[in-house]
Amino acid sequence: NIQTSKDTDIHKLLEKYPEYDPYYIVSSCIEERREHIDNIWRIYRSYASDHFLKEYKLRNNFHSRMWEMYIGAILITNGINFKNNSHDKWPDFFVEDTAYIECIACRNANSTKKPDYVPTQKYDGKVSSVPRDQMLLRISSAFRDKFLSYKSKEVDSTIPFVIAINSGIFNHTQGAVLPIIYNLLFGIDCFVAKIPRDGTGLSNINLDIRTREKIFKGKKQSPVEVNVFKSNQFSEVSAVIFSSKLIINSPSEMEDWGSDCLLIPNPHAKNPIDIETFSFFKSPEDVRGEIRINT
């Protein structure tokens with residue numbers, strides 16, 4: 001009965017404040033979530049822009065602003081100084097002489113009929129396929145939005161540029177052996193185990209990595225490249241910071257903030273980033289995958 005009462009109260013608030021983001025309202029009503037967000041906010045508060053304060057509650061803004069706040073709090077708690085931008089101008093964070101950092105949280109397509117719409121995960125006990133290509137298209141869109149934004153700005157072309165992407169809005173499992181961001185950056189598609197026979201027995205197992213160059217956004221639409229770090233086409237992007245967790249699910253302890261984020265450098269970067277400066281993020285060497293094969 002208590003839970004039913006809480007659900008009713010939340011629905012009343014959702015109806016009363018239709019302009020507010022539903023995740024903001026729900027998170028405000030759940031004590032554990034509210035305290036976690038408040039802890040991050042206390043660190044970031046003095047750095048928040050005017051627009052941040054006006055927009056973070058509004059529909060479709062909560063996740064993107066929380067991601068920005070989280071990245072800022074991680075930098076602050078690790079002693080990384082950045083320029084404060086009270087007018088919300090580009091970039092989100094300028095670590096002087098070290099990096100421009102732009103944050104973006106993925107959004108879903110605005111119609112279920114669109115080929116890049118990610119369907120809601122159902123918990124009905126039935127087996128269903130993971131909409132990996134749809135999620136990949138949305139992550140790719142976020143990456144390209146920030147890349148095009150960078151290209152349109154007057155910047156110091158010698159400063160590394162980093163895109164921080166959060167895909168937590170998609171509740172599906174995002175990657176099996178490796179995080180889904182590897183599909184975008186290096187075209188990794190899947191792992192294939194080859195088990196040759198030796199008479200009636202089996203010999204050594206060989207593991208192949210299947211890659212692909214592009215995916216298609218609908219049957220009649222143009223192909224979208226999914227190997228953006230395998231050439232010089234996006235060499236202005238020095239690295240990507242990636243997390244598939246919503247901020248409400250980020251580590252509760254301050255010393256663990258950033259451990260859920262992966263920093264992946266671009267091997268073709270025009271301006272390589274100093275990985276050691278951002279050692280509080282996970283590096284590719286920290287990623288561990290596991291494949292179990294029963295024969």
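**Close-up views of a predicted model**

**Figure 1. Asp-156 sits in the loop that links helix 6 (132-151) to strand 3 (161-166).** The model shown here and in the views below is a predicted one. How exposed is Asp-156? Its relative accessibility is 36%, and because that value lies between the 20% and 50% cut-offs, Asp-156 counts as partly exposed. Asp-97 is worth including in this view: 59 residues separate Asp-156 and Asp-97 in sequence, and their C-alpha atoms are 9.4 Å apart in space.

**Figure 2. Helix 3 (residues 31-44) packs against helix 5 (residues 62-77) at an angle of about 60 degrees.** The two axes lie 9 Å apart. Angles from 65 to 115 degrees would count as roughly perpendicular, and this pair is therefore described as oblique. The crossing of helix 3 and helix 5 is left-handed. Which residues meet here? Helix 3 brings Ile-37, Ile-40, Trp-41, Ile-43 and Tyr-44, while helix 5 answers with Phe-62, Met-66, Glu-68, Met-69, Tyr-70, Gly-72, Ala-73, Ile-76 and Thr-77. By class, the residues of this contact divide into eleven nonpolar, two polar and one charged.

**Figure 3. Helix 2 (residues 22-29) meets helix 3 at an angle of about 105 degrees.** Here the axes are 5 Å apart. The angle makes helix 2 roughly perpendicular to helix 3. On the helix 2 side, the contact is made by Val-26, Ser-27, Ser-28 and Cys-29; on the helix 3 side, the residues are Glu-31, Arg-33, Arg-34 and Ile-37. Three of the residues in this contact are nonpolar, two are polar and three are charged. You may recognise Ile-37 of helix 3, which also takes part in the contact with helix 5.

**Figure 4. Helix 5 is largely enclosed by the rest of the structure, since 13 of its 16 residues are buried.** What span should helix 5 have? At 1.5 Å a residue, 22 Å is expected, and its end C-alpha atoms are 22 Å apart, so the two values agree. Just beyond the helix, look for Gly-79, which follows helix 5 and has a positive phi, near 75 degrees.

**Figure 5. The protein chain as a setting for these views has seven helices and eleven strands.** Of its 295 residues, 41% are buried. If you take the contacts between residues at least 6 apart in sequence, 65% of them join residues at least 24 apart.

Conventions. Residues numbered from 1 in each chain as written. Predicted model: local features only at pLDDT ≥ 70, side-chain atom pairs only at ≥ 80, totals over all residues. Heavy atoms only, no water. Axes fitted to C-alpha atoms, helices over the stretch in contact; angles between N-to-C directions. Helix = DSSP H or I, 4+ residues; strand = E, 2+ residues; numbered from the N terminus. Parallel < 35°, antiparallel > 145°, perpendicular 65-115°, else oblique. Left-handed = near helix turned anticlockwise from the far one by under 90°. Contact = heavy atoms within 4.5 Å. Nonpolar A, V, L, I, M, F, W, Y, C, P; charged D, E, K, R; others polar. Expected span 1.5 Å × (residues − 1). Buried < 20%, exposed > 50% of the residue type's maximum accessible area, 1.4 Å probe, protein only.
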